[in-house]
Amino acid sequence: MTDFEPRIVAFLCNWCASTAADLAGTSRMQYPPNVRVIRLMCSGQLDPIYVAKAVLEGADGVLIGGCHPGDCHYQSGNFKARRRVAILHQVLGQLGLEPERVWLRWISASEGQYFADTVTEMVAVIRELGPSPLRGQWSI
Amino acid sequence: MQGWLKGHGGADETIRHLLGKLLTDGVVDGLLVPLRTLDGRNVVPTLVRDAALLERAAPLAPVLPVNAGTMLGRITASGALGRVGAVMRNCELRTAVELSKVKQVVLDNVLFIGVDCLGTYRVEDYARMAEEELDPVTAALAAAPEGRVEPLDGFTFRPACTICERPIPGVGDSFAPYIALGLLGVEDAERLWVSVQDDALAETLGVEPGEEPEARAAAVRALVAARTAERDRRLAEFTERVHDPLALLVEFSTCIRCQNCMVTCPICYCKECIFRTEIFDHSSPRYWDWAERKGGVRLPSDTLLFHVTRMLHMAHACVGCGMCSDSCPVGIPVADIFRAVGRRVQESFGYVPGRDPAEEMIIATFREDELGEMGR
């Protein structure tokens, strides 16, 4: 499994997590290149179907990043996202779809280092878990 | 007020009489009630304004061709022209409560008339009983006083009914109807056990106040316990069976992607479901890309995504009515799957669909001090 490179899809909110990712980049912080970022205006914009699609298509991990509680640019989008991710975890868990591959993190715009650390940690954990069993499935 | 309503020759006839009185006395302006079709092979929810039609009312007929909770939306969502008495089983009533939270049913002008559910059959089974001149209502009413709820010989109840732990309106974290009509564990053929929220109405109807017979309470407890045990067994069986992605694929391998489960699901109310939009009209080259990446692509695509998304979108409010399983042409136990998933989601939030119209849906609200970051 040494040549396994995790593929992680990240849904990051525009105001905090995605700005943090930009900060990590402009500050030349190093973190593994395994993450594909999709920017949402708000984590509350996350329809769970996005995550389901990524998981079923064989993403090895999904990271959802939003503003810290209380800091949402739209007041409460992150709280709503949090419930959706909790539901996702319950549903994926009941279906044997490895909920531990789906992460939710609060990353403020100034936390470039925390973003880089989160991605680094996640890549290490997913590398340990191994590739998604859905990767090669043509029949989903 | 709880008590007894004077009988008119059997529970079926007594209920018809009561409905007629509610309509002619102007307590309600219309009734949403199951009426026998002309050929008697089906019983369908009908908005009745002419009491003469009540001759064909079959409030106890054990068949559920459509969830009347959805139909209550049709006649209330954009303005009911009067007060409606909605005669329903508990799964339908709970559906209506859930739909009211998403403004698909308006409860302002609704008086729920809940009836003990003694089990229901599939539409085709009920039609066959009619053709063979079998009488499931009389059989059910004969067994109910002893607390027995069993299907006719040679038939089975709909699978969703056999794991329904909330067959009695108002019992077990269910919204209490305005009028509840009791059949289970009540011995008296001369009178009907009722519970009416409005004492004045109870008096008008001539309800003779009384204590709930111990036999009824015991029968209800026993039925709920038996159903709960069967539910736990079936849902554990599902969890045992579907423990990894491959098992999940197997579970849905016979799906023909007709989307009937979504169409008939009362909780799936979206007028424009994402699966019916152009989002899933992929361009031809995309299929080729997917086939290239995965070696092949099953067509139509996104079958599992369809089911998983439905679970993510509505299982939190699933009332377990079983319409999805009834409508599946290939016999996938959709309702069991959704109940298993729904139960887990609902319990994690302490939510009971159909308990209280004032209780917000899981995805419609949040608490600041709940949950944390997720994943490792």
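This passage describes the fold of chain B and its contact with chain A in a predicted model. Local features require pLDDT of at least 70 and side-chain atom pairs pLDDT 80 or more, while totals for chains, interfaces and linings use all residues. Residues are numbered from 1 along each chain as its sequence is written, with chains lettered from A and ligands numbered from 1 in the order written.

Chain B contains 14 helices and 8 strands (DSSP runs numbered from the N terminus; helices are H or I of at least four residues, strands E of at least two). Its C-alpha trace spans about 75 × 50 × 40 Å along the principal axes. The radius of gyration of chain B is 22 Å, which agrees with the value near 21 Å for a compact globule of 376 residues (taken over C-alpha atoms; the rule is 2.2 Å times the number of residues to the power 0.38). Of these 376 residues, 44% are buried (20 or more other C-beta atoms within 10 Å of their own, with C-beta atoms placed from the backbone).

At the interface, 37 residues of chain A contact 36 of chain B (C-beta atoms, placed from the backbone, within 7 Å). H3(A) gives the most to the chain A side, with 13 residues.

Helix H2 (residues 48-56) of chain A packs against helix H12 (residues 303-314) of chain B. The angle is about 145 degrees and the axes lie 9 Å apart (lines fitted to C-alpha atoms over the stretch in contact; angles run from 0 to 180 degrees between N-to-C directions). Residues in this contact include A:Ile49 and A:Leu56 from H2(A), and B:Leu305 and B:Val308 from H12(B).

Notes: Contact = placed C-beta atoms within 7 Å. Buried ≥ 20, exposed ≤ 12 C-beta atoms within 10 Å, placed from the backbone.
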